[in-house]
Each structure stands twice: as structure tokens, then as C-alpha cells.
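Colleague: I've just opened this one and I'm not sure how to read it. Could you walk me through it?

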Amino acid sequence: MQDLKRNRKRVPNQHIDQMENDCLEEHVSQEVDDDLTRGCGCKKDSNCDKHSDCNHNMKCECECVCHPEPQCCEPCEPDADTCIKNKCGPECLGPINPPRFNVSNSVPVVIEANRIFDTMVFQTFTDATAPNGAPLVFDVELVEINGPIPRVGQVNVEIEKICINHNGIIINTGMTTLEDFDIEPLEPTVGKRCETTFEYAVCGETHRRCCNRGKGQSVVYKQKGLSVLVEDLVLELRGRCGCTEFIAFAFPAVKCHGGQSKRCRDVEFLFNTLSAPIGVPSDGRGFTLRQEFQTHLTVDCIGKALLSCIDHDDCECHCELSIPNDIDLILCLQNNVSTLINEQLVVLTSPNGVQPRVVDTFSKVCDFGSCGE
């Protein structure tokens, strides 16, 4: 349309007679008017004031013509020559993996370190209870339904996914004993968040018969009153009934008098006594007793769940999700127990050592390996 307007302005400057000039101007003017008619907007006299409502005003005639055709609207998308991928996001990092070296290019180095004298592992699990040891139940609250559901009777639904949310796991080691040995905690073991390793200093005792044979002695390790506290636990249940999907929250609770349930923020796992023999030095030297825990929260199979709805005023309905066998929350626990002795050791090592990772922020921003500018 702009080209047509420019052509219209250039027409009088051409060396043609008046009749041809008038015909050409009339022809170009008609093309401009036709182009305005094809677009979205108003066609009106050039002397008219601008009107937002395109109504007849005084002597000005205004004709609104708008065609809801696709060509009337420009696409709402910018033109881009280069697109880059967002490099932010979670990344996984593996441990240091030093390169292999042979004896010919290695050197002996004397170091002082803790040597593992003996080690064993306990693997066990238990169900959750309330913090006071009372039986635990779950108060289920339906929060979202996407799709139609029957308003009469109960329907069987399938729980497809269970998401476990909590704010922390606290391990209480209880009372640890090592037969007749005196043990002393090296650090406080109660009330520390994210702490999974506990160490004790142990005074040694001489065992003549084992020491003369160059072997260690076997003593009984026991751990009583081991418990784990999970704070602010909430389960998210995601399931479906046919094509209808739903989301529900399950809050830990205890049963009160009258059958009412009272929610509790935390849950507790109480373990039986862990006991087994472990090897310790027989020459009377002191050593370190180390406990290293690993925990994993899981939920036992939810076999049956029922969804029921009650009409209210023929408009809204209140829906409930019930699990007849309730939910069994389980904590799997692994306790790796080791006895450590301090010794001076001679090791073979590479002169180059371990190469640290280079923190190169330049390559994070500037990438010259991609195609284009």
C-alpha cells in the first residue's frame, strides 16, 4: 500500500498530457481505495477528523470495513536468526576418578591414616508410628479432580504414583555399647540435621591369646533404642478412575476417642536392638568405632482405594477418597559399623597427583562451537 501511495505522488511529475494524467490519478486512487477496503480499518475522507468509533460525524462520511480473514492479522511471532538452549538446570557429578598409573612411574609416600580393622552392615526396616509411639493412620484429603465422576455410590480408583514430602530426617542412635569397653562419643549425636555418621573413641584392652597369635579379638556390638524422626511428612497420591485424574494429600494422624483423627506433623520409626560380633585390636591400643547410616522412605503397596461423592443442591458435590487398608509408610535403614585404627602407612602414588576441576565460567557463557554468528 505504501508503494501505491508513493507512485501516486510521483505521477504528476511525469511528462504526460493532462488527460492521461487525470486518468492515471483516478486509476491509482481507485487501487489505493481498493487496498484500504481489503484491509482492516476505516475508509473515510482525508479531511475527516479521526474517529475511534467510526460513526457518521458532521459532514464527514466514514465507512467501516473489517474482514475477519487470516490475512488481516499479522502473525504474533518475532523473527529470530539464532536460538540458544538454556544451560541452567540440575546436574549430576561423579566422584574423582584418577588416571591409572604403574609402579614404574610411582613413588612411595608415608602417610598417617585410619585403617579399617573390621566392618559389618545391618539392613533392616520398620513401620512408622506417631511421635509418642501410638499407631499411625493417614487423613486423606482430595484436592483436585480433572474429569467426570459418578455422583452415586463408590467407585474403585487406582493409585498410580505416591510422592513423599518432608523437611528432614533426624537419626537418634540411642545407646551404643561394645561389650566391656568404655566408649565416648566424639561429637553430639542428638538433634543434628542431615547427620549420618557417628564416631566413638574406644579405650583398648589387651587380649593375650589373640595378641600372641597376631589376630584381633571378637566383641559384641549392640545398639539399643535406635529411632528415626521424619519432620513435616505429607504424602501426595496421584491416581485415576477411567480417564478422570485426581490428586489427594495424605497427612499422618492418630485416632482419638470417638473415632476422630488428629493430624500430627512428624512420624517416628522405632527399631529393634541391632547386635552382632565385630573385630577389634587385641594389643590394647585405642581405636574408633564408626556408625554410618543410610535411610530410604517408601510406601507399601496400596491395593484398593474408593472414591465417593455426595451431591449438594444439585450443583456442587463433596468427594472423598478412602483407603480401606490405610497406608503403610516404611523406612529402610542401613547401618555400616566399622572399627578403625590409626597407623602410619606407606602407599604408592603418582607424582602428578589428582587434577582438580577447572571452573571455567567463560565457556558457560560464550560458546564458539555452534554454527552461525
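Colleague: What share of the contacts in the protein chain with a separation of 6 or more comes from residues 24 or more positions apart?

Modeller: Keep in mind that this is a predicted model. Residues 24 or more positions apart account for 79% of those contacts in the protein chain. For a single case, take Ile278 and Leu178: they are 100 residues apart in sequence, with 9.0 Å between their C-alpha atoms.

Colleague: How many helices and strands does the protein chain have?

Modeller: The secondary structure comes to four helices and 20 strands. As for cover, buried residues make up 28% of the 373 residues. The chain exposes about 26,400 Å², and carbon and sulfur atoms supply 50% of that.

Colleague: Back to Ile278, then. Is Ile278 buried or exposed?

Modeller: The idea is to look at relative accessible area, where buried means under 20%. Ile278 has 1%, so it is buried. You'll find Ile278 in strand β16, residues 274–280. Setting aside neighbours within four places in sequence, the contacts of Ile278 include Leu178, Val219, Tyr221 and Val337. Polar residues are on that list too, among them Asp118, Gln217, Ser218 and Thr339.

Colleague: And Asn335? Where is Asn335 found, and which side chain does it join in a polar contact of 3.0 Å?

Modeller: Asn335 sits in strand β20, which covers residues 329–349. Its relative accessibility is 0%, so Asn335 counts as buried. The polar contact of 3.0 Å links its side chain to that of Gln223. Beyond four places in sequence, Asn335 also touches residues including Met120, Phe122, Leu274, Gln291 and Phe293.

Colleague: Now the cysteines. Which cysteines form a disulfide?

Modeller: To read a disulfide, check how far apart the two sulfur atoms are; the cut-off is within 2.5 Å. The structure holds one disulfide, formed by Cys309 and Cys319 with their sulfur atoms 2.3 Å apart. The angle about the S-S bond is 105°, and the link is right-handed. Cys309 lies in strand β18 (residues 305–312) and Cys319 in strand β19 (residues 316–322), so the pair ties together parts that are ten residues apart in sequence.

Colleague: Are Cys309 and Cys319 buried or exposed?

Modeller: Cys309 counts as buried because its relative accessibility is 7%. Cys319 counts as buried as well, at 14%.

Colleague: Why is there no bond between Cys243 and Cys241?

Modeller: Use the sulfur distance again. The closest cysteine sulfur to that of Cys243 is in Cys241, and it is 9.6 Å away, so it is too far for a bond. Cys243 is exposed, with a relative accessible area of 76%. Cys163 falls in the partly exposed class, at 23%.

Colleague: One last feature, the backbone angles. Which value of phi does Asp232 have?

Modeller: Look at the sign of phi and at the residue type. Phi of Asp232 is near 50°, a positive value in a residue other than glycine. Asp232 is in the loop between β11 (227–231) and β12 (234–241), and it counts as partly exposed at 23% relative accessibility.

Colleague: What about Asp326, and where is its place?

Modeller: Phi of Asp326 is near 60°, again a positive value in a residue other than glycine. Asp326 belongs to the loop between β19 and β20. Its relative accessible area is 23%, so Asp326 is partly exposed.

Terms used: Residues numbered from 1 in each chain as written. Predicted model: local features only at pLDDT ≥ 70, side-chain atom pairs only at ≥ 80, totals over all residues. Heavy atoms only, no water. Helix = DSSP H or I, 4+ residues; strand = E, 2+ residues; numbered from the N terminus. Buried < 20%, exposed > 50% of the residue type's maximum accessible area, 1.4 Å probe, protein only. Polar contact = N/O pair within 3.5 Å; in protein donor to acceptor, adjacent residues only side chain to side chain. Contact = heavy atoms within 4.5 Å. Areas by Shrake-Rupley, 256 points an atom, 1.4 Å probe, with all protein chains shown as cover.
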